[in-house]
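Biologist: I should like to learn how the features of this model are to be read. Please begin with the confidence of the prediction.

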Amino acid sequence: MLTSILTKALYTLISFFVILNYSLLLLGTMARVRAKVQGRIGQPVWQPYIDIIKNNARRSGVTHGIMFYLGPVFRLAGGLGTYFFIPVIFGSKIFANFSFSGDVLLVMYFIFFGQLGMALGAGESGHPYSPIGVARGLAQMTAFELPFSLAVIAVAAQYGSFSITEIVAAQQGGWQNWVAFTNPFAMAAGMLAFLGMSMNNPFSIVIAPQEIPIGPPTEMHSSFLGMLQTNRAIFNGAKMVLFMNLFFGGAAHPNIFIALGIMIMKTFLIYLYVVFVGVSFPRFRTEQSIRFFLGVPTLLGLIAVIQQMI
Amino acid sequence: MVTPIVIIAAALAMAFLLPVLEKAGKGLIKTLSLLVLAGFFAASLSWVAQILQTGAIISQTAGFKAPVSINLSVSMMEATGLAVIYLVALLSGAFQIFVKKAVWQGKELSLYFALILGLSGLVMTRDLFNLFVFMEITSISLYGLLVSGRDERRFEGGFKYMIAGGLSSAFYLIGVAFLYRETGQLNLDIIVAQSGQANLYLPLLLLTIGILIELKPFPANGWALDVYESADPGTGAVISAMNTTALILVFMKLMPLLQAFGSGIVYAALIIAGLTFFLANLAGIRQTSGRRMLGYSSLAQTGLILFVLLSPSAGLSEERGLSIIASMLRLDTIEVIALALLINHALAKSALFWLTEFLKKDALHKSSEEGDYRGNRGWLIPAGMAVLALTALPPFPGFWAKWAVITSFGAAGNIGGIAVILIGSLLEVYYLFRWFIRTQAHGEDGGDVIAPQVPEDFAPEAAPAPAGLTIKPAWQIFAPALSIIILTSLGLAWAFLSLSGGQELLLLPLAALALYALFDLIALPFAVKNILAMAGLGGYAYLIYGELNNMTLIFGAVFIAGSLVQLFLLFNKRDKRSGLLPFLVMMILSLGNLLVFKSSLGFFFSWEMMTVSSFFLVIRGRQASRASLRYIMFSLAGAFMIMYALADGFRGPLTGLVFAIGLLIKMGAIGFHIWLPGAYAEAEDEVSTFLSSVLSKAGLFILFITAGIYGQTFFPGAGNAFLASIDINAILGWIGVITALAGAMMALFQEDIKYTLAYSSMGQIGYMILAFSIQSHLGWVTALYLAVTHLLFKGLLFMAIAGVIMRTGTRLMYQMGGLIKKMPISFISVLLAIIALSGVPPLTGFGGKWLLYSSLMEKGWYLHAGLAMFSSGVAFLYLFRLIHTIFLGQPKTGMFENIKEAPIWGLIPQAIFMMVIMGFSMFPSLLIKPLQAAVEMVYPAAAEGVAWQGSTVLSSLGYWNGSAVMYVTMGVFLIPLAWLMIVNGRIQKVKQFNIVFAAERPYKPETTHYAYNFFSHYQKALGFLVEVRAERFWTMIRKSTDALGGLVRRIYSGNAQTYAFHIIIFVILFHLLAGGTF
């Protein structure tokens, strides 16, 4: 019993270590990509590390109350939990995480855990910009949630399972078995929803209040901010792994390092797509993005679902 | 024993003697009159006793047998009818003598006795010409009574009455003459016995018309309305109760003759009676004069009794109480039904007429002038009971009679008859309840004026409701009180007879009502009463526990244990709150009774009791008049649909659908939901929690136990597979999911917190309907799971919010803010509740979502699943808004300083619910396994591959381990927390208003709370989805009904000549309907 718990703890640490470092590097890389598009040199790739270390080392600390204090904790717990409920590498014990706790529905709902906690924490600060950001974020979230859930429903219906492991298993044996090709409408709906989920342009109105000097994350300073930055990396990684599993065949190979390489390549491309769209389009207003998600992406999702019904 | 003729003689003697005796002293004649009236009543009762032993009493006048002399006959029907007449006569006489400002003197009393003489004669005599004489005596004395007084309108009313009476007598007399010419007889019994071949059409037509005109049929009843409106309330009661009763008995006397010789006339009378009932109620809804409205109701009730009497199939019912009474009194079932309706109408209507005497004014125009009797029990209790009796709600005789009639019609397949009665009744419910609600509305209540959703400002709750008028001295209320007491006793007796034989338990809510009302009366401290209420619920739970099975046990826990916990909340305040506990306990026991009833009558009885008790809970709210009217209208409309389906015996899918719609109305499904937000929100804050978390599950439970009827397909023979698969469940599924989405959407845009929660309840009920309609093991487990968890989190929310409203004095969220510092426990309670509601793991809510999607996917309802996911996303929006705008952000000026945490008694039940939620979250199997056991009998788990593996529940599609989720969540939460506490050791806490944004400190941080119109962008994008369509639709229905009523009403022009013309039209119409030609 004890050995199995310790082994699980070790595996969890490894998994955590891999995703943290990979995601931080990915953030740094993408920042440079963006800079290149805009004609700048940009930050060093390791800048996210510097930020997190610096913020954690800050000595000043101001809190507005318990919820404020717990907000970043909720947020990071949400990111970590989301990641830990997803099996990262198909067939790998080390990277199976805690996926035995529940299926894709659990992951979909656990995403909200951190968002809710963070929203509450930012709310207690008393700054008007934080609820403005939250209201925008939530409103947009419900909108992209619709095509995303339709996509998930279509995939689950296609394979008769909500289990991520089984969905990935069903996609093995070549790229032609990926959902992206067997169920392209579901993939399209899901990937359009993913644009909203990652809050890049054109769906970045949510973080607009942060750009004026004070809003949710920047009101959080020092170690609070450090925690949020850590989460941003992990949460991003978790979401990309989820989409890779759902639509692009997951990452599977007998050799764990090759499998990790596949995971890195696929998620890198998924993120690149988001950044590509982000640098190409200007920002939507909230109601515009709601209308967008309830338009074409939802229609694609509906087509995917109706395909499964017929 | 007195022979009937003595009554006639005594009344005659009194009529002559009183003016003389008056000279000897006014006290003497009053005492004497009352004694004689009491003697009449006693005599009629003694007749009942005698008839039971010896049969009908026949009294020969002048020592000869009929036809030589006139004979009087009193059988059971007449004796009981006379008992009613004499009872009302006694009460009315006493009322006129003791209560009225202008009391009756010798002259009026003399007329009164002449009237009683006439009525007694009408009922007793068997001679047709003699009947005419008594009719004339009645008319003249009544005319005299009507015009006594100086009001000009009374003369006019009296004059119209004389014209109508004259025409009626004329028709009658000519009819008698023709009849004599054809048969050579005037004695009824002999004419019936001589079953000759004579063509009696014309004489019987004229005879019937003569009697019917006195019974105020449509359209020849305009004169009656003017009489009711102008007469003083006492006389109104006399006409409505005594006259009508006597004339219906006369009509019943003629019925054998009509049935033998004039089937066409019976048919015409049936049509006219149905029309009268329906149209009088339709026109009644436009009334602004209270007494005229009661007049319409009287016309309608008369029509109803005639309709029932003349309907061939009305007496088929084999209802237990009915058969016992019929065999006890040796009457036909149809006679018992008619008698019950007569007594019900006579006593309740006279009580209402007397009660209008105490109102400041008769008109019902402006809400500000109403509310005379808010908080005045002495007036409200009899008035409320009389309204319940007239609208045929339990436990009054009208309820049992109506049940008997409707089930008889159902058995005979007489759908038209059911429709006429139920739709007409619904209209009557509308205007009677509107009147009642207005008489007790709070002074600040906007009435049924459509109020804006967001009030401009919300003043703190005023503690004592203004009592308005009082009746001094209180004994003046004796007449209505007594008649209601007698009526109630009769109804209870019937209830006992009906429900004896295994269902006595169903009477407990009434006992509870009486008992806890008694506690109110003897002014026990509220805490004591509440403890007694808890004890009562506990005792009741113990009583029914043995009768519960797996399924009912779950609902029993929701209804009774859930309520028991929430009763702690009531210790919150110390004021008396009379009437709260009686109705609350009654409601909870009625809900409990839904679990143990054994017959469809038992079910319907409990269902109606639940409706009635919850109505009286809703109406207690300070601005609840509009909400309570809607509540009772929709509830009863639903109940009537249920009644129809029960009577029809679920023949075919359409009846099943009607039944389902009846339940859906009660559950507030989309389209019928407009009663729900108002009822939940405008009820008192402590009551809302019971309504939303407990009462709302009643419909769901009935859905479960009637599940068998929803699988019927509409097009069983259709070749098309899709068409053939459409059943009621398919419809329920779509209604459920759309309700869920609409509820969430509408909750989003409310500024008033209670409206937010109310709409949220609507949405949650939608999920339950959806899950139920899946009709699988997992689907049903989901529905039950949602029902139980909804009790917990919605109870938490409403209780926490009750505390917040109590402390802040406002229901508008944008006026609050920053309360987390002052009310931390309430915050935690709301936080847990919204996590549980939204479905975020690791709390119980996620289990509901997981079960729901798994079962939907198994069923293949992918689109439902997508919509359900979308609505659960929308739920996030309003939940965040709710917790943010109340507890986070910045408080308003002046609001913050003086606020304390909610009282401890409000927190105790919340703590209990929180512990239960945490327990179920840690160990979901504790909840799910009993639910599975409950549905196992209908849908076994194994058939669908639902299984447990340790603490992981497996469906055919996925898996979920609630305990593991909890541990992982705790792990990922505690480790970062520990990290943060290590690196962030020296943290500085700043004060509430210490904020900086946009690079400066705001001058007035109190003004920076972002709360009003929180989701304006959402409204811009999707607001079109929640335009007030349902509201508009029902308003349109109300307005067009109103307009129709106005159209009918327009024929009553108030002109005596027009009225005479109506009578002629009526005669021609009647003749044509009866199959006559010219």
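Modeller: The mean pLDDT (the predictor's confidence in each residue, from 0 to 100) of chain B is 88, and 95% of its residues reach 70 or more. This is a predicted model, in which local features need pLDDT of at least 70, side-chain atom pairs count only at pLDDT 80 or more, and totals for chains, interfaces and linings use all residues. Residues are numbered from 1 along each chain as its sequence is written, while chains are lettered from A and ligands numbered from 1 in the order in which they are written.

Biologist: Which elements of chain B have the lowest and the highest mean pLDDT?

Modeller: Helices (H or I, at least four residues) and strands (E, at least two) are DSSP runs, numbered from the N terminus. Among the elements of chain B, helix α22 (residues 580-593) has the highest mean pLDDT, 95, and helix α29 (residues 721-724) the lowest, 78. Over residues 448-465 of chain B the pLDDT is below 50. For the complex, the predictor gives an ipTM of 0.95 and a pTM of 0.93.

Biologist: How many residues does each chain bring to the contact?

Modeller: Two residues are in contact if their C-beta atoms, placed from the backbone, lie within 7 Å. Chain A and chain B take part with 67 residues each. On the side of chain A that touches chain B, α5(A) gives the most, with 17 residues. By class, this side of chain A has 40 nonpolar residues (Ala, Val, Leu, Ile, Met, Phe, Trp, Tyr, Cys and Pro), six charged (Asp, Glu, Lys and Arg) and 21 polar (the others, Gly among them).

Biologist: In which sense do β1(A) and β6(B) pair?

Modeller: Two strands pair if DSSP finds at least two bridges between them. β1(A) and β6 (residues 988-989) of chain B pair in the parallel sense over two bridges, and Thr63(A) stands opposite Lys989(B).

Biologist: Which strands form the open sheet of chain B, and in what order?

Modeller: The order is β3-β4-β5, with antiparallel pairing. β3(B) and β5(B) stand at the edges, each with a single partner strand, so one side of each is left without a neighbour in the sheet. Three bridges join β4 (residues 952-954) of chain B to β5(B), where Val953(B) stands opposite Trp960(B).

Biologist: What does chain A consist of?

Modeller: Chain A has 14 helices and one strand. Its C-alpha trace spans about 55 × 50 × 40 Å along the principal axes.
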